[in-house]
Amino acid sequence: MEKREIGPAFAEAYGLLKEREKEDFSRISNKLIHETFIIKGKENERNDYYFVQENLTLFRLYFAVIDFEVINDISKGIIFIRTLADHNRVRLTKFETVILLILRKFYYMKSKEITSTSKIIITLEDIVTEVRASQIFNADKKMATYRNALKNLRQYKVIDYEKRNILPESNIEILPSILLIITQEDIDAINARLKDFAKDKGEEADEEDNED
């Protein structure tokens, strides 16, 4: 559909919504813009997930105007937006990227052990242990550095946790959205990427941005 045709189609579909539904549409659209993902498995997002499903055409028309597409991944229980114009990409530091790869590695391993309906749970201590074992960084990172990195990844809906001041023993849920960010399913491919990082040690490299 050409953009000149989208406006009338959107106006017609939007006009069929009730006032409360219009409020929900506005709120959820803003959530998608700022957070990218809506995840059915998150208790506080389940209703939003089904609302988008029921009004998928409306959301797709709306986001098509700004060159985004709305993807409904039923198998993963995720609705997300993806840019069609190569903009609005997230930039991660090297440390955040390493943690992201480690989280994907944990997700791969633990998904082999549990049922498809179970949550993937690890601890901050698990992450610290893997970072140290990777030998990517010359020195141990401070706990505040881990907390800041996890806070950012939580904002991007890669992980979720309850405690505000996360502790080494605190539970961290790895959300299925990570499968859309790092698509490799082969643990060897993930380990290979971590080894590539280990070849370039140093705090200076750590400050560089890495796009994912």
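Among contacts between residues at least 6 apart in sequence, 63% join residues at least 24 apart. The model is a predicted one. Its protein chain has 212 residues, of which 41% count as buried. The secondary structure comes to 10 helices and eight strands. The accessible surface of the chain is about 12,400 Å². Carbon and sulfur atoms account for 46% of that surface.

Salt bridges were examined next. Side chains of opposite charge can pair when their charged atoms come close. The structure holds 14 salt bridges. One of them joins arginine 27 and aspartate 48, with an N to O distance of 2.9 Å. This pair links distant parts of the chain. Arginine 27 lies in helix α2, which covers residues 19–35, and aspartate 48 lies in helix α3, which covers residues 46–54. The two residues are 21 apart in sequence. Their surroundings were also compared with the cut-offs for burial. Arginine 27 has a relative accessible area of 39%, so it counts as partly exposed, a class that runs between 20% and 50%. Aspartate 48 has a relative accessible area of 6%. Buried means under 20%, so aspartate 48 falls in the buried class.

Aspartate 48 has further partners. Its side chain makes a polar contact of 2.8 Å with the side chain of lysine 31. Leaving out residues up to four places away in sequence, aspartate 48 touches Arg27, Ile28, Lys31 and Ile38. Lysine 31 is found in helix α2. Its relative accessibility is 17%, and lysine 31 therefore counts as buried. With neighbours within four places set aside, lysine 31 is in contact with Thr36, Ile38, Glu45, Asp48 and Lys157. Ile38 thus appears in the contact lists of both aspartate 48 and lysine 31.

A second salt bridge joins lysine 157 and glutamate 35. The closest N and O atoms of this pair are 2.7 Å apart. Here, too, distant parts of the chain are linked, with the two positions 122 residues apart in the numbering. Lysine 157 sits in the loop between α7 (143–155) and β6 (159–160), while glutamate 35 belongs to helix α2. Lysine 157 is buried, at 4% relative accessibility. Glutamate 35 is partly exposed, with a relative accessible area of 27%.

A third salt bridge lies between two strands. The side chains of arginine 82 and glutamate 69 meet at 2.7 Å, N to O. Arginine 82 is in strand β3 (residues 78–83) and glutamate 69 is in strand β2 (residues 68–73), so the pair ties together parts that are 13 residues apart in sequence. Both partners are partly exposed: arginine 82 has a relative accessible area of 42%, and glutamate 69 stands at 27%.

Some salt bridges share partners. Through such sharing, Arg20, Asp24, Arg27, Lys31, Glu35, Glu45, Asp48 and Lys157 are joined into one network. Arg27 and Asp48, described above as a pair, are members of this network. Lys157 and Glu35, also described as a pair, are members as well.

Strand pairing was then traced. Strand β5 (residues 120–123) and strand β7 (residues 171–174) pair in the antiparallel sense over four bridges. Within this pairing, isoleucine 120 stands opposite isoleucine 174 in β7. Strand β7 also pairs with β6 in the antiparallel sense, over two bridges. Isoleucine 159 stands opposite isoleucine 174 in β7. Isoleucine 174 thus faces isoleucine 120 and isoleucine 159.

The surface was examined last. Ile33, Tyr62, Val65 and Ile66 make a nonpolar surface patch of about 310 Å². One of its members, tyrosine 62, is found in helix α4 (residues 56–64). Tyrosine 62 is partly exposed, with a relative accessible area of 32%. A patch residue needs over 30% relative accessible area, so tyrosine 62 passes that cut-off.

How values were computed: Residues are numbered from 1 along each chain as its sequence is written. This is a predicted model: local features need pLDDT of at least 70, side-chain atom pairs count only at pLDDT 80 or more; totals for chains, interfaces and linings use all residues. Side-chain values use heavy atoms; hydrogens and water are left out. A salt bridge is a side-chain nitrogen of Lys or Arg within 4 Å of a carboxyl oxygen of Asp or Glu. Buried means under 20% relative accessible area, exposed over 50%, partly exposed in between (1.4 Å probe, protein chains only). Patches are made of residues with over 30% relative accessible area and no salt bridge: like charges are joined within 9 Å, nonpolar side chains (Val, Leu, Ile, Met, Phe, Trp, Tyr) within 5 Å. Accessible areas come from the Shrake-Rupley method with a 1.4 Å probe; for residues, only the protein chains shown count as cover. Two strands pair if DSSP finds at least two bridges between them. A polar contact is a pair of N or O atoms within 3.5 Å; within protein, one must be able to donate a hydrogen and the other to accept it, and residues adjacent in sequence count only if both atoms are side-chain atoms. Contact means heavy atoms within 4.5 Å.
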